[in-house]
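Please read the sequence and look at the structure side by side before going on, and keep both in view while the paragraphs below lead from one region to the next.

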Amino acid sequence: MTRFFSILLALSAVSLRADHTYEIEEIPLPEGMVPEISGVAFTPQGSLVVVNRPGEVWLTSDPAKGAKGPWRRFAFGLHEPLGVLALSESEIFVTQRPELTRLLDTDADGIADRYETINDDWCVTDNWHEFTFGLRRDREGNFLLATGLPDVAGPISTRHPRVPLSEEKVHREAKPSPGLYEGWVLRVAPDGRMTPVASGFRTAAGLGLSPEGELFVTDQQGDYIATSTLVHVQPGRFYGHPASLKWREDYAGPLDLETLAARRSPEAVALPHGSLGGSPGEPVWDTTGGKFGPFEGQVFIGDFTKLISRVFLEKVAGEFQGAAFPFIRDAIGLEAIQANRGSDNLTIPAGRDGLKHFRDVPPRSGTPLRPGNMRMAFAPDGSLYVGQTTRGWGQGDGLQRLVWSGRTPVEIETMQLTARGFRLVFTTAMDRARLADAKTWRVSRFRYLYLPSGSPRVDESPVEIRDLRIDEGERRVELDLAGLEPGFIYEVELEALRSADGRPVENPLAFYTLNRLLDGRGFTGPLSAPLRPVEETREGVPDPESGRRLYATFCATCHQPDGSGGGLPGAPQLAAANFRRRGPDGPLAKPDEALLKIIAEGAEGKPMPPFGGVLKPGQIRDVLAYLRAAFGEDDAPLDR
Amino acid sequence: MNRHRSLLLAALLPFVAALSGDAGTEADYPRVFRTFMPDSGPSAFAVELTPSLALCYDPLRGGVGEVWTGSVDLSPTLRAKINEPAKVDGKPFYVPTLVHPLRLGDPSAELEHRFKGYRYEAGAVVFEFTLRGHPVSETLRADEGGRGLVRELAFPEGGGPAFLRVEKPAAAEVRVEGGAEVEPGLWRFPDGGKATVRILPKTPAAP
């Protein structure tokens with residue numbers, strides 16, 4: 001009987017697997033390896049190399065065997081390596097916090113015995129947020145890496161810097177660049193010489209090279225970077241965050257926002273905050289020759305949230321732009337979103353807006369995707385290895401891989417710009433009647449603003465479809481849109497669409513970043529102001545219930561569900577305000593205007609970050625309404 | 001601390017212990033960890049020469065820093081989003097105050113100091129750096145008794161004489177070989193020469 005049930009269970013599992021076009025597999029790690037995976041690579045011979053946050057490098061020549069494979073620890077004691085590149089099993093390069101390092105096994109015992117500093121021309125302090133990201137190597141053998149900005153929510157040590165620090169602000173940046181070349185993409189030649197390539201990065205956590213050798217990085221949403229991005233890096237350009245500009249040779253002093261906006265180069269593709277995650281990691285190109293499905297040549301980007309996105313790039317008027325789609329997203333559940341207490345670091349509004357921006361597509365069974373998907377690499381067999389680390393931001397670490405089942409997923413394969421709209425190509429033949437039905441299509445557009453606080457979506461509006469043409473074969477659709485304009489992100493939703501054989505679109509959502517039209521015209525309007533006033537929510541009346549949900553998502557992690565504040569997790573010396581504290585010095589004794597400003601722009605010199613880039617003004621008023629209602633002075637005194 | 005975070009920490013604790021608290025066998029030493037060290041420049045080194053002898057090596061301060069009988073606790077560097085420096089787990093007997101005490105050519109001229117890496121040798125770790133472009137190596141090992149630190153510096157030919165300011169803190173006995181003391185605390189070594197500095201705790205280490 002037991003055997004019968006076992007067989008039944010196995011058949012059920014097979015059946016479940018058969019429903020998936022991509023399966024997520026756990027890669028068991030060897031005993032003793034801290035599973036905070038911060039770098040994944042393969043040697044030219046196919047051995048898997050992983051690095052972890054505590055600074056170890058591990059190798060296995062047979063990754064398919066998981067923990068039972070021939071793992072060995074190749075190196076240890078590195079300072080938070082966040083990138084790895086393996087030339088062989090005896091020569092491996094890593095980025096550490098302060099340097100690019102070559103690890104060599106010179107005595108052929110399988111263990112690195114030389115740790116050579118290749119370059120450390122940039123400068124770090126000991127701030128918790130000063131990461132060094134990478135690592136890629138171009139065709140000329142140059143190494144490519146990126147440096148992140150520190151965060152004033154933690155101390156920035158000025159002890160013994162390698163070169164003098166600079167505390168000068170370029171504008172009103174919350175994240176400074178005190179150390180040389182912080183916030184830059186850097187190139188290190190094979191002989192060890194470093195060249196600063198491009199500036200304006202906030203947290204460029206992932207670098208990738210296209211098959212043609214073009215360098216792209218992801219940057220993460222926050223001050224000045226309104227939403228996370230995929231940037232095509234070109235020498236000398238500035239990509240938005242002003243702090244790093246002071247290290248340019250031509251820097252002559254602080255700049256105003258208008259000048260910064262004029263100098264800023266746009267991202268190739270925006271990854272709308274919430275809908276496509278919050279903190280993207282490494283972009284990797286599918287060069288598997290079809291082993292990973294129908295997306296050869298496209299880009300996959302892991303995200304800190306339980307998401308992997310897909311990006312289709314095209315060159316328009318000489319510059320890259322394109323479309324982004326969700327690819328794999330864990331079915332966290334709508335209920336979990338509603339109840340989100342911040343532990344999953346979704347950084348999306350709970351409630352109605354949360355439902356809008358975070359759909360469960362596709363609903364998955366089997367092994368769930370973890371959060372912390374910051375590092376990825378394609379294996380020689382065409383599977384995609386995903387390294388995960390979440391320390392302090394969420395829960396879940398490890399190594400998983402995505403394997404294509406061989407079954408074609410129903411997806412929007414590409415979204416290309418045309419003269420009057422977009423051309424969508426699907427991976428398979430679609431249901432012609434649904435394709436032709438205007439109700440199937442929801443097209444809208446929005447913008448982000450270039451502001452010190454970041455920006456929510458503005459100038460949102462539906463877009464009218466003027467004409468829709470379906471090619472024979474039902475795979476290709478041409479959409480003509482009313483008023484196609486550059487400077488907007490166009491969103492297409494296709495939830496009701498089905499394939500010709502009745503399957504739903506796995507990820508019926510696309511965002512095209514329309515920087516330029518085919519004729520090269522770009523946006524000429526204001527970059528830091530909306531074209532029309534930001535809509536007030538609920539006729540301008542603050543909603544404490546909406547504020548309660550927002551508080552649970554964004555505020556409770558530091559201020560606690562009961563408002564009592566206290567030391568931040570991992571940094572008890574930094575305290576969040578205690579809303580229960582009464583009296584003239586209590587945080588809620590401040591007038592509404594001051595509190596709204598603090599929530600939107602952050603508190604100078606305190607760990608309170610700005611939320612103006614995530615929450616709309618109406619939502620910020622909702623939060624304040626909740627603070628007043630839940631912890632305000634109207635009730636009896638709480639704590640002194 | 002919420003329940004999830006407690007569980008996470010509990011799950012990670014054995015790994016953290018493996019990195020910092022596990023003494024390992026004698027064959028596992030020396031071992032070097034690049035990390036945030038107290039009173040150091042960013043990204044210094046915690047060096048454990050034996051299970052009971054450790055030091056801070058800080059390239060940005062100019063080499064050997066604090067030396068103590070004991071080990072290094074790395075767990076404060078690995079806990080959360082915002083971390084703290086590693087902890088000295090033991091009794092310091094050598095706490096230098098000078099910055100960049102090694103000079104080439106002119107004892108008063110501070111030279112560009114660039115760190116070049118390190119390598120493991122039998123029972124020792126060798127740090128490499130350049131002073132004004134001249135390569136210098138410093139080999140660190142435990143003395144025969146395992147209680148004290150032996151520093152062996154190799155100077156380049158053509159860099160001129162080397163000058164090393166040597167401090168003699170109350171808790172340590174410091175002996176210098178290979179050069180001449182040209183003024184109190186300032187030792188001179190010939191061009192291309194070598195220096196050996198032995199630093200021993202004056203009082204027996206606690207068991």
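What covers the buried residues of helix 7 of chain A? Part of the answer is helix 8 of chain A, residues 617-631, which is included in that cover. Helix 7 itself spans residues 592-601, and its buried residues are Ile598(A), Ile599(A) and Glu601(A). Just after helix 7 comes Gly602(A), a residue whose phi is positive, near 85°.

Before going further, it should be said that this is a predicted model, with an ipTM of 0.89 and a pTM of 0.87. For chain B the average pLDDT is 87, and 86% of the residues score at least 70. One stretch of chain B calls for care, however: over residues 1-21 the pLDDT stays under 50, and for these residues the model has 18 contacts beyond four places in sequence.

Chain A can be described first in outline. It contains eight helices and 34 strands, and of its 640 residues 52% are buried. When the contacts in chain A with a separation of 6 or more are considered, 63% of them are accounted for by residues 24 or more positions apart.

A good place to see strands side by side is strand 24 of chain A, residues 398-404, which is mostly covered, since five of its seven residues are buried. Strand 1 of chain A, residues 22-26, pairs with strand 24 in the antiparallel sense over five bridges, and within this pairing Glu25(A) has Arg401(A) as its bridge partner. Strand 23 of chain A, residues 384-388, also pairs with strand 24 in the antiparallel sense, over five bridges, and here Tyr385(A) stands opposite Arg401(A). Arg401(A) in strand 24 is thus a residue to find in the picture, with Glu25(A) as a bridge partner and Tyr385(A) standing opposite.

From the strands we can turn to the nonpolar cores. In soluble globular proteins, nonpolar side chains tend to be buried together. The largest nonpolar core of this model holds 178 residues, and those that touch the most other members are Val57(A), Val84(A), Val185(A), Ala46(B) and Val47(B). Strand 21 of chain A, residues 319-329, gives the most to this core, with six residues. To follow one member more carefully, take Val185(A): leaving aside its neighbours within four places in sequence, its contacts include Leu144(A), Ala146(A), Val197(A), Phe201(A) and Val233(A). Apart from the largest core lies another, of 22 residues, among them Phe554(A), Met608(A), Ile620(A) and Leu627(A).

How many residues does each chain bring to the contact between chain A and chain B? Chain B brings 31 residues and chain A brings 35. On the side of chain B that touches chain A, helix 1 (3-21), strand 1 (31-35) and strand 7 (113-121) each supply at least two residues, and helix 1 of chain B gives the most, with seven. The residues on this side of chain B divide into 16 nonpolar, seven polar and eight charged. The part played by helix 1 should be read with caution, as residues 1-21 of chain B are the stretch in which pLDDT stays under 50.

The two chains are also joined strand to strand: strand 9 of chain A, residues 114-119, and strand 7 of chain B run antiparallel and are joined by three bridges. In this pairing, the bridge partner of Glu116(A) is Gly117(B) in strand 7 of chain B.

Notes. Residues are numbered from 1 along each chain as its sequence is written. Chains are lettered from A and ligands numbered from 1 in the order in which they are written. This is a predicted model: local features need pLDDT of at least 70, side-chain atom pairs count only at pLDDT 80 or more; totals for chains, interfaces and linings use all residues. A residue is buried if 20 or more other C-beta atoms lie within 10 Å of its own, exposed if 12 or fewer, and partly exposed in between; C-beta atoms are placed from the backbone. Helices (H or I, at least four residues) and strands (E, at least two) are DSSP runs, numbered from the N terminus. Two residues are in contact if their C-beta atoms, placed from the backbone, lie within 7 Å. Ala, Val, Leu, Ile, Met, Phe, Trp, Tyr, Cys and Pro count as nonpolar, Asp, Glu, Lys and Arg as charged, and the others, Gly among them, as polar. Two strands pair if DSSP finds at least two bridges between them. A nonpolar core is a set of buried Ala, Val, Leu, Ile, Met, Phe, Trp, Tyr and Cys residues joined through C-beta atoms within 7 Å. pLDDT is the predictor's confidence in each residue, from 0 to 100.
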